[in-house]
Amino acid sequence: MKHTIRLLLITSGIFIFTNSLFSQNPKKQVKAVRIEQAPVIDGLLNEGVWQAAQPATDFIQYDPYNGPDATERTEVKILYDNVALYIGAMMYDISPDSILTELGFRDSDNLNADFFSVDISTFNDGLNSVAFMVTASGVQLDAKVYNDDDDDDWNAVWQSEVKIVDSGWSAELKIPYSALRFPEIKDQTWGLNLWRSIRRKRETDSWNFVDKEIDGKDKQAGELTHLIDIKPPLRLSLTPYVSGYVENLADDANWGYSFNYGMGLKYGINESFTLDATLIPDFGQVQSDDQIYNLSPFEVYYEEKRPFFTEGTELFDKGDIFYSRRVGDEPDLYWAVNDSLGEGEYISDNPGKAKLINATKISGRTNGGLGIGVFNAMSANTFATIKDSLNNSRTIETQPFSNYNMVVLDQNLRNNSYISFYNTNVYKGKNHYTANVSGTEFQLFNKSASYSFFGMFNTSQKYNPHEKTDLGFLYSWRLIKTSGQLRFHVGQHVETDTYNPNDLGYLQSNNEISYNASLDYNFYDPFWKLLNLYNSITVWYESLYAPRNFTEFGIFARTRGTFRNYLTTGLNIDINPVESHDYYESRTDGRVYLEPPKWELGTWFSPDYRKPFIIDLRVNFERSSRYDQTSYSIVFSPRWRVNDRLTFRLNSEYERDLNDIGYVDDRTIEEAKQIIFGRRNLQTVENVIQTTYIFNNKLALDFRLRHYWLKALYNKFYRLDQDGYPDPTDYNTNNDFNFNAFNIDMIVRWEFAPGSELAVAWKNAILTFNDGEVVNKFFNNLKNTLESPADNSFSVKLLYYLDYLYLKKKK
């Protein structure tokens with residue numbers, strides 16, 4: 001406790017000292033001009049209304065040099081009326097025939113194209129903003145930003161058009177107020193920054209200067225003024241959908257079909273808060289998971305890809321206790337059904353996902369900077385069906401009706417600081433359990449945003465009528481220097497052995513105390529042959545929480561830089577100089593495996609993406625001498641841009657783990673438990689082929705093929721002794737295996753109207769596992785995989801966006 005008080009006193013002293021030394025960069029201002037007649041959104045700024053607006057000019061470089069004037073002139077004018085904000089941008093260019101214009105579908109990132117972007121912070125708080133971007137080829141991108149974290153899955157309905165002209169290229173944007181949330185006050189001032197990319201020069205410019213040595217782009221935005229008498233509109237939109245599927249499962253020779261319908265709803269409760277709901281959702285066209293074979297003792301983390309659960313969820317990231325894949329996930333007793341089979345019985349049906357009934361989000365922020373988020377979702381009772389040879393059937397409940405809930409309160413404070421309070425609650429029926437996690441987190445910045453202090457405290461509790469209630473807690477703190485070339489952080493993270501947020505969160509393992517410190521020294525401006533250089537070193541020490549047993553000590557160093565020819569390369573070194581004490585690999589409480597010291601060296605290269613053909617390369621090598629363990633991997637990623645419409649990408653990874661040691665099984669001999677470890681050679685091959693053909697910025701075809709192959713050959717077995725070392729054993733069961741996961745996802749999307757889409761998809765999936773049998777040659781294994789039974793799904797889905805204000809105006 002004394003150490004904590006002393007640290008807080010030192011932190012307060014640092015804040016006071018730095019407040020007297022630093023000042024914020026000046027904020028530019030531009031006036032918005034009210035108009036009576038809206039301009040036609042055609043990409044041309046030739047209408048008289050544009051002449052009355054004051055232009056935002058004098059852009060400043062962000063990349064490659066941070067601070068000099070932009071090499072090309074940019075002028076931006078802003079108009080408004082009672083319906084929308086109108087932005088007209090002229091990007092002058094002395095070589096308009098060299099403007100890059102690669103096409104992509106909406107929200108396609110890393111396009112080889114110039115772009116113009118608008119960042120708007122309606123509450124002008126330096127933390128929250130929305131970004132609207134359009135490329136020189138007319139591709140729209142938008143994002144919701146919180147504390148410099150971009151939510152690229154957020155989608156608004158807005159209009160834009162671009163034109164390439166003799167003096168450069170121009171863009172017109174219409175951003176309806178229904179896409180924004182803002183307070184109802186007479187005279188508004190919004191945070192604003194404007195960005196331009198000149199891709200052939202690899203140059204990025206901003207209107208208000210953004211200093212790379214200071215964390216937080218929104219904190220360094222300018223201001224949009226004279227927004228007078230604008231009123232938040234009634235925000236009400238519906239997105240009904242219908243979909244149809246024709247499917248054939250690998251274990252069923254018959255084809256089946258199904259139809260679905262449902263609806264998305266967005267409703268502006270008031271000027272700041274929005275209700276977002278999905279009723280009877282259908283996520284069948286979402287990209288397949290990149291499945292792997294899990295040899296670790298921990299749950300595999302899979303990314304969320306369902307649109308509703310990825311859009312506008314920044315508030316629900318607080319506390320790191322919300323993992324939306326829990327909602328509508330695999331039923332709790334899915335794998336236990338096999339244990340219920342009687343003689344002559346078999347499983348007729350066992351759904352792998354709980355049926356999602358609905359999901360709802362309410363989120364927004366008050367004039368006083370209080371953000372409120374409420375999430376709720378329900379899944380239906382899920383049953384497995386068991387039959388016997390006489391066609392008698394019975395059902396087993398694999399998961400009861402379940403309710404998932406999260407509430408968040410997030411208050412903005414001075415200096416772009418914040419404090420949040422949150423709670424998650426999962427209800428699994430009165431005969432099962434209820435789980436709660438509650439907590440708070442905060443981050444406090446000094447006035448110049450050069451230092452910050454972060455803290456978090458969570459508690460978890462599970463109420464089970466059949467078991468003892470478990471209460472656990474987590475706390476974490478970090479002191480961070482957030483600006484300048486020299487940066488650092490020191491921190492501590494503690495999780496008790498009973499802390500468990502996993503009913504609605506994801507935590508790989510609890511029972512941990514860790515201390516860490518890092519030191520960074522960065523060069524943001526070009527020097528010598530480099531455009532930039534980033535360097536860091538991190539040291540950490542970990543132990544169990546109960547008992548206080550040492551687990552790991554490590555040192556990690558990394559350097560990354562970009563040369564003037566735009567070749568980016570990096571080097572990292574990871575060292576564990578002493579034995580690590582692994583209390584999880586044994587799958588038995590209290591039993592430790594002493595993992596020998598090891599080191600790892602990695603490097604990577606990424607060339608200039610403006611070139612039509614490039615190859616990214618990554619190489620890693622790991623070595624531990626005690627058991628002669630070696631691991632190496634290479635990732636080879638060529639990308640070929642045939643033209644502005646067609647691109648091919650390959651990501652090919654090969655990994656070998658020689659003499660890897662890990663858990664295999666356990667057995668009982670003379671009433672004594674033996675934990676069996678095996679020494680094995682692992683080979684992993686993963687290939688992902690992607691291609692995109694863009695017919696235009698509203699119509700595109702995406703194709704993705706992935707093949708994952710893991711081969712394991714065991715050459716020796718051990719029993720784990722009481723001290724944590726492997727000892728010889730007579731165990732000699734064949735545990736070799738061969739695992740394959742093969743997927744194809746192909747989809748054609750047509751955005752035939754703003755917010756409306758027609759999608760046609762084909763999905764193919766093959767999973768094979770051969771226990772005790774291994775195929776050594778790659779193409780023989782691929783042939784066997786492709787000849788195995790496959791799941792196939794063909795689907796059509798139509799979404800139609802209905803906006804209440806548009807329909808009312810049309811009527």
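In this predicted model, a polar atom of the Thr-551 side chain lies 3.3 Å from the backbone nitrogen of Ser-543. Thr-551 belongs to strand β31, which spans residues 550-563. Its relative accessibility is 11%, and because buried residues are those under 20%, Thr-551 is classed as buried. Leaving aside residues up to four places away in sequence, Thr-551 touches Glu-542, Ser-543 and Leu-544, together with Glu-579, Ser-580, His-581 and Tyr-583. Ser-543 is thus named both among these contacts and as the residue whose backbone nitrogen lies 3.3 Å from a polar side-chain atom of Thr-551.

Burial was also examined in helix α3, which comprises residues 778-786. Within this helix, Asn-781, Leu-782 and Thr-785 are buried. Viewed down the axis of α3, these buried residues fall within an arc of 100°, so they line one face of the helix. An α-helix has 3.6 residues a turn, so residues three or four places apart point the same way. The buried residues of α3 pack against three strands, namely β40 (699-720), β42 (737-753) and β43 (756-771).

Internal space was considered next. Rolling a probe the size of a water molecule over the atoms shows where empty space is left. One cavity of 30 Å³ or more was found, and the largest cavity has a volume of about 50 Å³. The lining of the largest cavity is formed by Arg-106, Gly-138, Val-139, Gln-140, Asn-697, Lys-698 and Glu-751. By class, this lining consists of three charged, three polar and one nonpolar residue.

Terms used: Residues numbered from 1 in each chain as written. Predicted model: local features only at pLDDT ≥ 70, side-chain atom pairs only at ≥ 80, totals over all residues. Heavy atoms only, no water. Helix = DSSP H or I, 4+ residues; strand = E, 2+ residues; numbered from the N terminus. Buried < 20%, exposed > 50% of the residue type's maximum accessible area, 1.4 Å probe, protein only. Polar contact = N/O pair within 3.5 Å; in protein donor to acceptor, adjacent residues only side chain to side chain. Contact = heavy atoms within 4.5 Å. Arc of directions from axis to C-beta. 1 Å grid on protein atoms, 1.4 Å probe; cavity = no way out; pocket = protein on both sides within 12 Å on 5 of 7 lines; lining within 4 Å. Points joined across faces, edges and corners; volume = space filled by probe spheres on them. Nonpolar A, V, L, I, M, F, W, Y, C, P; charged D, E, K, R; others polar.
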